[in-house]
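Reader: I am new to this structure and would love a close look at one part of it. Could you take me through the nonpolar core and then show me what surrounds it?

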Amino acid sequence: MTIEKKLFSETQKFNQWWIWVILIGFCAYFLWGAYKQLFQGIAFGNNPMSSEGLLITSFIFAAILLFFLNVKLETYIQSNGVYVRFFPFHFSFKYYSFEEMNKVYVRKYAPHWEYGGWGLRYGMFGRGKAFNVSGNQGLQLEFKDGSNLLIGTQKPIEIAEVLTLLGKS
């Protein structure tokens, strides 16, 4: 990324309460079971899995929880283009120059219908890629080569103001 001043900056994380209830619930359930079976000697459930299986399952759910805790979508807009990183899928920022775009604008979208939900998604019906973590507002990039990228945002008004300032809307 260049040293130029950021005109817009946003960092997003998964904040849907139901995701955290499910992840923490499963993790706590298996950790509790592992504690009971390994340290108290009480079989966990009517048909308990092996202690090794219980430890592996607990580790898997803990790893999934840690993964979701570290996922973040970072977006920057500078006068030369848009920078985006969806960590841990992208370790460095991807740069999209305004020169390679036909259009750039903020729009409302249907995450489930257009992209099958949130995350690093490939759109249905040729809609292109999407990087999103929640909501239904996004920065739509339409490229000269015919490809599209939607970057989810929780700050659609701020992005629209920056695009207007840059003469892109």
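Author: Happily; here is a walk through the core, followed by the rest of the chain.

Please keep in mind that this is a predicted model. Let us begin with the largest nonpolar core, which has 27 residues. Those with the most contacts inside this core are Ile77, Val82, Tyr96, Met101, Leu139, Leu141 and Ile151. Several elements come together here: helix H1 (17-39), strands S2 (72-78), S3 (81-87), S5 (101-108), S8 (137-143) and S9 (148-152), and helix H4 (156-165) each supply at least two residues. Helix H1 gives the most, with 4 residues. As general background, nonpolar side chains in soluble globular proteins tend to be buried together.

Ile77 is a good place to zoom in. Leaving out residues up to four places away in sequence, Ile77 touches Lys6, Leu7, Phe8, Val82, Phe98, Leu139, Ile159, Val162 and Leu166. Two of these partners, Val82 and Leu139, are themselves listed among the core residues with the most contacts.

Strand S8, one of the contributors to the core, also holds Glu142. Beyond residues up to four places away in sequence, Glu142 touches Met101, Asn102, Lys103, Tyr105, Ser147 and Asn148. Met101 is another of the core residues with the most contacts. You can also find Glu100 from here: Glu142 and Glu100 are 42 residues apart along the chain, while their C-alpha atoms are separated by 8.8 Å.

Now follow helix H1, where you will find both Trp20 and Ala28. Trp20 has a relative accessible area of 18%, so it counts as buried, the cut-off being under 20%. Its contacts, leaving aside neighbours within four places in sequence, are Phe14, Asn15, Gly25, Leu65, Phe68 and Leu69. Ala28 has a relative accessibility of 41%, and therefore counts as partly exposed. From Ala28 to Ile64 the C-alpha distance is 12 Å, with their positions 36 residues apart in sequence. For another distance to try on screen, the C-alpha atoms of Trp20 and Leu38 are separated by 26 Å, although these residues are 18 apart along the chain.

Strand S3, also a contributor to the core, leads to a peptide bond that deserves a look. Pro88 lies in the loop between S3 and strand S4 (94-97). The bond joining Phe87 and Pro88 is cis, with omega at about 10 degrees. Most peptide bonds are trans.

Finally, step back to the whole protein chain. The chain has 4 helices and 9 strands, and from the N terminus on they run β-α-α-β-β-β-β-α-β-β-β-β-α. Its C-alpha trace spans about 70 × 35 × 25 Å along the principal axes. The radius of gyration is 21 Å, whereas a compact globule of 169 residues would have one near 15 Å. Among the 169 residues, 38% are buried. Of the contacts with a separation of 6 or more, 52% come from residues 24 or more positions apart. The exposed surface comes to about 9600 Å², and carbon and sulfur atoms supply 62% of that area. As for charge, the chain carries 16 positive and 11 negative charges, and the mean positions of the two sets are 4 Å apart.

Notes:
Residues are numbered from 1 along each chain as its sequence is written. This is a predicted model: local features need pLDDT of at least 70, side-chain atom pairs count only at pLDDT 80 or more; totals for chains, interfaces and linings use all residues. Side-chain values use heavy atoms; hydrogens and water are left out. A nonpolar core is a set of buried Ala, Val, Leu, Ile, Met, Phe, Trp, Tyr and Cys residues joined through side-chain atoms within 4.5 Å. Buried means under 20% relative accessible area, exposed over 50%, partly exposed in between (1.4 Å probe, protein chains only). Contact means heavy atoms within 4.5 Å. The radius of gyration is taken over C-alpha atoms; the globule rule is 2.2 Å times the number of residues to the power 0.38. Accessible areas come from the Shrake-Rupley method with a 1.4 Å probe; for residues, only the protein chains shown count as cover. Lys and Arg count as positive and Asp and Glu as negative; His and the chain ends are not counted. The place of a charge is taken as NZ of Lys, CZ of Arg, CG of Asp or CD of Glu.
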